[in-house]
Amino acid sequence: MAEHPLADHASSDIPEQDFVDAAYERLDALRESYRERQRKTHAEHGVDNAQAWTERDALSSHLGDMAARLEGVEDRLVFGRLDMADGHIRRIGRISLSTPSGPPLLIDWRARAAMPFYQATAVEPLGVARRRHITTRARRVIAIEDELLDSSVTHIDMQGEGALMAALSSARDGRMTDIVATIQSEQDRIVRADEKGIVVVQGGPGSGKTAVALHRIAYLLYAERERLQRSGVLLLGPSRIFLHYIEQVLPALGETGVVSTTLADLLPGTSARETEPFEVAQVKGKTGWERILAQAVKTLPRPLDAPLSLKVWNRSVTLFPEDVSSALKRAKRLHKPHNEARESFALDLMKRLAQRLALEAGDADSKENIPEEILNSWTIEIRDSLDARRAINLAWMPTSAQTLLARLYARPELLTRLNAAAGAPLSARELGLLARHSTKWTPADIPLLDELEELLGPLPQHSAHKKTHEAAEIERARTAIESQGLGGGIVSAEQLAASVHEDKEWTPLCERAANDRQWTYGHIVVDEAQDLSPMAWRSLLRRCPARSMTIVGDLDQRRGTQRPSTWAEALGPAARALEAEYVLTVSYRTPRALTELAERVMARAGEPVLHPMTAVRDVENCYRVLFAQDSHTGHTGLYETAHRAVEEATQRLDSESGPGSGRVAIIVGTQRALDWKADLSGMSALDSRVSVLSAVAAKGLEFDSVILVEPAEIASDGLGDLFVALTRATHDLTVVHHAPLPAGMEEW
């Protein structure tokens, strides 16, 4: 490997610098070209018809999107070169670039021609004679690493080891970076996997599974752009802080517009920020809730017990039980959601009452001969009648998902009856955990609300408001045509209103998808998927009828005490669409001593890890244990000992990586997190150099140094939480304790 320092070198003195300069020059030119074309397009006012305006805005939006994608690409634009055995040279980068005259300048890392950069080995060189890794900083080449593919294979096949180790050893900055320049062959095979169904990626701590998932999104958007540009991609992460942590990766790969969300934010317009005991959340996610909720919706329509006299205008009309019973049967046979079927039910009853009133008023001699205008007139009177509206609503009340679920929680006797009617999927103890009167929602409530939204459908006023809004748009269009003397049969008010609506559809796809509960995505990626409940999987399957998903997680990091032994078990209702399962076997981030420590603790607790990892790096003296003595204040010395360890960690980072660099985390159990005012959401973990977190909040994140306080407390919440806490550090782990340590954690 030959390194080339940045200082005091002319461009031509540094290998590859001239090419890097040319690539950035071309990138800058393309960015400016797209923005200039967008400005000119948007400035065109000479068009005089709705279609032309729509076409103008569509082109402007497209040019802006292309510019934004290029503007997201900056660091490490060029990172690789392949010298092929046939003498050709391929240069690999984040995106594809061509020279102004047309020939390729840079090959996109996702292109088939770039695949040997990641998968060529000494045994299977794939036509590559030399692979070069190029490291840049601020558009300058600072290091080069060459591999001649003619050496013997080692026990772990790594390409670009120098660049990889440099990236792994650098201090954290609170954000995840892409691994496009250092993707390893086992990771690349998953990124490019061509399975169309559900693909599971099982990966232990430090295996790069999240990075693989993000790069797979970028690859699919490249390989299947036409399909996915129409349907979109959904990324579901475990927390908002996790999404914040990874938010820079996709734009840096040239991709924008992916819908990123959490389970708590999956349902548009519903906030789920309340917390609850993990045991309660588990009950809410169990299989069988779909039957309970279906029973709840079935009980909403109610038959009439006795004839009811209704006042309509200046007359009275009788509503009979058989009227309601017949209308109920007809509406239920439609198999529509509750609120949509209710419209048919109400129209049926109003028609029956209108016929009865018309006959009683002498407007016809039989209900078959009632003129349409007479029937409509009486229907309007019924609609305006307070008695009639009340009777129809009592028989079939429109209901929202939030109202119904809150009612079930507040009325334990009702929930118990529905549970029995559904085959008793919940035990009496589980039912007892659910009783509450608060209407504040938790993330575990979201799949239940989503299920009810599917069963109930939108409230009638939403549909009515949409129709009223469309009618108002048509009327405004008609006024515009008449006032300007337009039309003449060429453009109708309806056509103009439709064009206005189409114009609004140029809102970015990700915004439209995120705000539409019924949107169906072309592909869904789920990270930390081992923690999703069966009800959560139902919500995701509903959003992806094609069952095209990439599922990423680690069964050993599952919360609670019931760890599934296979992904088929963990996926619940999604297991039927499972097409392929990949296992990442190498830990790149976590030091070997910490990987072995975590696996030993799991084994001593009676739950050995399902997929052991092989670590590629280690750090000397990366693990230590500090016993905290009781202090004079009545507290144990845990707090003081932990913060002394923090000071030592920050001093090391200041000395080795520069003042203020790196990230340190204090990880504590759930109860202690409350006592120490820890950041339970993890929101401060990105911006603060030192964060106090629960193991749950730290999931998916990484830190240079971790101070783990009372691991026995963390283990009491589940071995998965302790496994997570033991594997968050990239450099060193300090355990601070007063209570006995879990077996296997003795200093060694």
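Let's start with arginine 76, which counts as partly exposed because its relative accessibility is 28%; on that scale, buried means under 20% relative accessible area, exposed means over 50%, and partly exposed is in between, with a 1.4 Å probe and protein chains only. Arginine 76 is found in the loop between α2 (50–71) and β2 (78–84). Helices here are DSSP runs of H or I with at least four residues, strands are runs of E with at least two, and both are numbered from the N terminus. Arginine 76 isn't a glycine, and yet its phi is positive, about 50 degrees.

A quick word on what we're looking at: this is a predicted model, where local features need pLDDT of at least 70, side-chain atom pairs count only at pLDDT 80 or more, and totals for chains, interfaces and linings use all residues. Residues are numbered from 1 along each chain as its sequence is written, and side-chain values use heavy atoms, with hydrogens and water left out.

Asparagine 621 is another residue other than glycine with a positive phi, near 55 degrees. Look for asparagine 621 in the loop between β17 (614–615) and β18 (623–627). Asparagine 621 counts as exposed, because its relative accessibility is 69%.

Now the sheets. In general, strands of a sheet pair through backbone hydrogen bonds, either parallel or antiparallel. For us, two strands pair if DSSP finds at least two bridges between them.

One open sheet has six strands in the order β10-β9-β13-β14-β8-β15, with parallel pairing. Which strands stand at the edges? They are β10 (259–262) and β15 (578–584), each with a single partner strand, so one side of each has no neighbour in the sheet. On average, neighbouring strands of this sheet are turned by 15 degrees against each other, direction ignored. For angles, axes are lines fitted to C-alpha atoms, for helices over the stretch in contact, and values run from 0 to 180 degrees between N-to-C directions.

Packed on that sheet is helix α6 (residues 209–223), which touches β8 (198–203), β9, β13, β14 (549–553) and β15. Contact means heavy atoms within 4.5 Å. The direction of α6 makes about 165 degrees with that of β14. Within the sheet, β9 (residues 233–237) and β13 (residues 523–526) run parallel and are joined by four bridges. If you want to find that pairing on screen, leucine 234 stands opposite isoleucine 524 in β13.

On to another open sheet, this one with five strands in the order β18-β22-β21-β19-β20, and again the pairing is parallel. Here β18 and β20 (690–694) are at the edges with a single partner strand each, so one side of each is left without a neighbour in the sheet. From one strand to the next, the twist averages 20 degrees.

Let's stay with β21 for a moment. Is β21 buried or exposed? Seven of its seven residues are buried, so β21 is largely enclosed by the rest of the structure. Strand β21 (residues 703–709) pairs with β22 (residues 729–737) over six bridges, in the parallel sense. With β19, the parallel pairing runs over four bridges. Isoleucine 707 is a handy residue to click on: its bridge partner in β22 is threonine 734, and it is also the bridge partner of isoleucine 666. Valine 706, meanwhile, stands opposite leucine 733 in β22. Helix α29 (residues 719–726) lies across β19 (664–668), β21 and β22, at about 135 degrees to β21.

So where is there empty space? In general, you roll a probe the size of a water molecule over the atoms, and that shows where empty space is left. On a 1 Å grid over the protein atoms alone, a cavity is a set of points where a 1.4 Å probe fits but cannot get out, and lining residues have an atom within 4 Å of a point. Grid points are joined across faces, edges and corners, and a volume is the space filled by probe spheres set on the points.

The structure holds four cavities of 30 Å³ or more, and the largest has about 70 Å³ of space. Its lining includes Gly204, Asp554, His611 and Phe723. Helix α25 (residues 592–604) gives the most to that lining, with three residues.

Last stop, threonine 99, in the loop between β4 (97–98) and β5 (104–108). Its C-alpha atom is separated by 7.3 Å from that of arginine 26, 73 residues apart along the chain.

Terms used:
On a 1 Å grid over the protein atoms alone, a cavity is a set of points where a 1.4 Å probe fits but cannot get out, and a pocket is an open set with protein on both sides within 12 Å along at least five of seven lines; lining residues have an atom within 4 Å of a point.
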